[in-house]
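Please open the model in the viewer and keep the selection panel at hand. The tour proceeds by selection, with a short account of what is found at each stop.

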Amino acid sequence: MKVDKSNSSFLSPFLCLTIILLALNPVVSIRFPDRIPEVPKDPSNQPLQTAVFALGCFWRSEAAFGCLNGVVRTSVGYAGGSKPNPEYRSLGDHAECVQVEYDPEVIGFRQLLEVFWSNHDSRQVFGQGPDVGNQYRSIIFTSGTEESRLAAVSKEREQSKSKSSIVTTQIQQLEAFHPAEPEHQKFELKRNPFPFHRPNIM
């Protein structure tokens with residue numbers, strides 16, 4: 001069988017020319033991206049962070065933080081003292097407090113501090129309103145030097161608002177958080193499902 005070489009000799013240069021023209025034409029040429037776009041992060045896989053605050057009765061404190069965007073869960077308990085296994089009727093030197101688990105991609109520790117200051121009277125000594133006692137004292141519990149720095153800066157800012165009285169809030173490294181009894185968890189939410197609005201925090 002004979003092969004017609006005349007056609008093959010004609011097509012070969014033609015195909016080469018076509019390929020060159022296609023490569024030089026910006027409309028039809030293949031372009032690769034400068035960088036491969038990153039795969040979006042799955043928020044469910046992001047690690048949560050935890051903050052603990054004492055600002056009076058923990059029922060109301062939990063409701064104040066629990067309504068915030070970015071707060072995943074809250075629980076009330078006891079911290080700041082040395083008594084092992086504290087209970088509601090036997091706190092020892094502990095304070096009532098709220099533990100806040102939050103997504104740092106949505107809300108930060110600095111913003112939680114703003115909520116802390118705006119939801120209690122930090123100048124009242126050992127109490128909040130009608131609730132008087134050592135267990136109702138004001139404390140910011142910190143974990144690490146950065147949280148301690150932010151807490152100290154926010155306390156100075158709060159004190160600068162008025163020199164007529166002293167901000168009594170303590171800043172302590174968190175040693176341990178002791179969860180309160182089940183009947184105290186979400187107490188305010190069970191009694192009043194909508195006690196607080198979601199504040200607009202910048």
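Begin by selecting Thr142, which is located in strand 6 (residues 138-142); helices (H or I, at least four residues) and strands (E, at least two) are DSSP runs, numbered from the N terminus. This is a predicted model, in which local features need pLDDT of at least 70, side-chain atom pairs count only at pLDDT 80 or more, and totals for chains, interfaces and linings use all residues. Residues are numbered from 1 along each chain as its sequence is written, and side-chain values use heavy atoms, with hydrogens and water left out.

Thr142 counts as buried, at 2% relative accessibility (buried means under 20% relative accessible area, exposed over 50%, partly exposed in between; 1.4 Å probe, protein chains only). Now add Gln173: its side chain and that of Thr142 are joined by a polar contact of 3.1 Å. Such a contact is a pair of N or O atoms within 3.5 Å; within protein, one must be able to donate a hydrogen and the other to accept it, and residues adjacent in sequence count only if both atoms are side-chain atoms. Leaving aside residues up to four places away in sequence, Thr142 also touches others, including Glu147, Ser148 and Ala151 (contact means heavy atoms within 4.5 Å).

Next, select helix 4 (residues 145-160). Its 16 residues should span 22 Å at 1.5 Å a residue, and the end C-alpha atoms are 23 Å apart, which agrees; the expected span is 1.5 Å times one less than the number of residues. The buried residues in helix 4 are Glu147, Leu150, Ala151, Ser154, Glu158 and Gln159. Their cover includes strand 1, strand 3 (95-102), helix 3, strand 6 and strand 7 (170-173).

Turn now to the aromatic rings. How many aromatic pairs does a search of the whole structure find? The search finds 7, where rings of Phe, Tyr and Trp (its six-membered ring) pair if their centres lie within 6.5 Å, and planes under 30 degrees apart count as stacked, over 60 as edge-to-face and the rest as tilted. Select Phe53 and Phe65, a stacked pair at 5.1 Å centre to centre with 0° between the planes. Phe53 lies in strand 1 (residues 49-55) and Phe65 in helix 2 (residues 58-66), so the pair ties together parts 12 residues apart in sequence. Then add Phe109, whose ring centre is 6.0 Å from that of Phe53 with the planes at 20°, so this pair is stacked. Both Phe53 and Phe109 are buried. Extend the selection to Phe116 and Trp117 to show the cluster that ring pairs form with Phe53, Phe65 and Phe109.
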